[in-house]
Amino acid sequence: MTGNDNRLGEKIRQLRTQLGITQKDLAGDKITRNMLSLIESGTASPSVSTLVYIAERLGTPAGYFFASTEEEEGRFLKLNILSQLKDCFRQKKFRECEEICASLPHYAFDDELSYMLAASFLGTACESAASLNLRAAMTDLDRAQHYGDLSLYTGEHFRRAVQFHRELFRSVCTDQIPDILCDQEVCGPYVPSSLVLYFRCLKQLSAGEETAQEFPRGSYHDKHVAALLMMREDRLPEAQKRLRELSLDSSLPYYMQYRVLSDLEDIANTAGDFRTAYSSARRKLEFIDRFKI
């Protein structure tokens, strides 16, 4: 038994454990489970053909077991998961991307993996916000920023996108519209232009300005803006009906719920419909309670 045998056996055992493979499954029909146990403990040395067999069943190049530095090991570990990771990333299965990367040591991360993990955490942050879990959303944003800072592929545009979503989450239960939510330069793969245009329109209308923003007919943004324009034109019954319908729609985006309820409360008070005003105020408080950290 040598130190190299110990290290080789330990690498086999660690990779097998990470992949959730039992000794029996890894041994298959080529070697015995007892022999595999001896190899993993460093008591026995595998032949070249046995080592190649083990590597194939673990889905990794045999060279991984002979890597002498962490950098070399990291490259092999990355190759071991890269195909699966890229498939999940293309399909926007961001939680699965995070799970795939969770077992990797820090030295396996390079610019490419750090970028994919940063973008994945930004994606899961948005998913958590949509399910009204602000604590998880903010935690994932912090992770997105961390891995984004480690990669040369993200750059300033990605950092601005993280800042955009941080301000979006913070302002969901307020009437505030931070400037970055209206900044068209932040639009791109991480921030849809329709979202920025929506907040630009809200800000213009709240300031009493005209707005030239148009949205797909029948979209949530279109319906909300149309209701606000009805209010400006004193078409209060129509506006209240439109806002009420929006507020009762269970698929209304999370970042619109508080704002729609606020507008409904205001118009109901103006119209003397105090029951609707009270109901809207109560639902706002319930929403705040669910979305708070």
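Student: What does the secondary structure of the protein chain come to, counted in helices and strands?
Tutor: The protein chain has 14 helices and zero strands, where helices (H or I, at least four residues) and strands (E, at least two) are DSSP runs numbered from the N terminus. This is a predicted model, in which local features need pLDDT of at least 70 and side-chain atom pairs count only at pLDDT 80 or more, while totals for chains, interfaces and linings use all residues. Residues are numbered from 1 along each chain as its sequence is written, and side-chain values use heavy atoms, with hydrogens and water left out.

Student: How do you know whether the protein chain matches a compact globule of 293 residues?
Tutor: The radius of gyration is taken over C-alpha atoms, and the globule rule is 2.2 Å times the number of residues to the power 0.38. For 293 residues a compact globule would come near 19 Å, but the protein chain has 27 Å, and therefore it does not match that value. Along the principal axes, its C-alpha atoms fill a box of roughly 85 × 35 × 30 Å.

Student: Why is E112 said to form a salt bridge with K78?
Tutor: A salt bridge requires a side-chain nitrogen of Lys or Arg within 4 Å of a carboxyl oxygen of Asp or Glu. The closest N and O atoms of E112 and K78 are 2.7 Å apart, so the pair meets that cut-off. E112 lies in helix α7 (residues 111-130) and K78 in helix α5 (residues 70-90), so the pair ties together parts that are 34 residues apart in sequence.

Student: Is K78 buried or exposed, and how do you know?
Tutor: Buried means under 20% relative accessible area, exposed over 50%, and partly exposed in between (1.4 Å probe, protein chains only). K78 has 12% relative accessibility and therefore counts as buried, whereas its partner E112, at 22%, is partly exposed.

Student: What makes E98 and R95 a salt bridge, and how far apart in helix α6 are they?
Tutor: Their side chains meet at 3.7 Å, N to O, which satisfies the cut-off already given. The two are three residues apart in helix α6 (residues 94-102), and are therefore separated by about one helical turn. E98, at 12% relative accessible area, is buried, while R95, at 36%, is partly exposed.

Student: How do you know how the reach of helix α8 compares with the span expected?
Tutor: The expected span of a helix is 1.5 Å times one less than its number of residues. Helix α8 (residues 134-150) has 17 residues and reaches 25 Å from its first C-alpha to its last, close to the expected 24 Å. Its buried residues, including L134, M138 and Y147, pack against α6, α7, α9 (155-171) and α14 (274-291).

Student: Why is a set of 83 residues called a nonpolar core?
Tutor: A nonpolar core is a set of buried Ala, Val, Leu, Ile, Met, Phe, Trp, Tyr and Cys residues joined through side-chain atoms within 4.5 Å. The largest such core here has 83 residues, and I12, F169 and F199 have the most contacts inside it. F199 is among the buried residues of α10, a helix whose buried residues pack against α9, α11 (220-232) and α13 (254-271).

Student: What is I12 in contact with beyond its neighbours within four places in sequence?
Tutor: Contact means heavy atoms within 4.5 Å, and the partners of I12 are L26, L36, I39, E40, L51, I54, L58 and F65.
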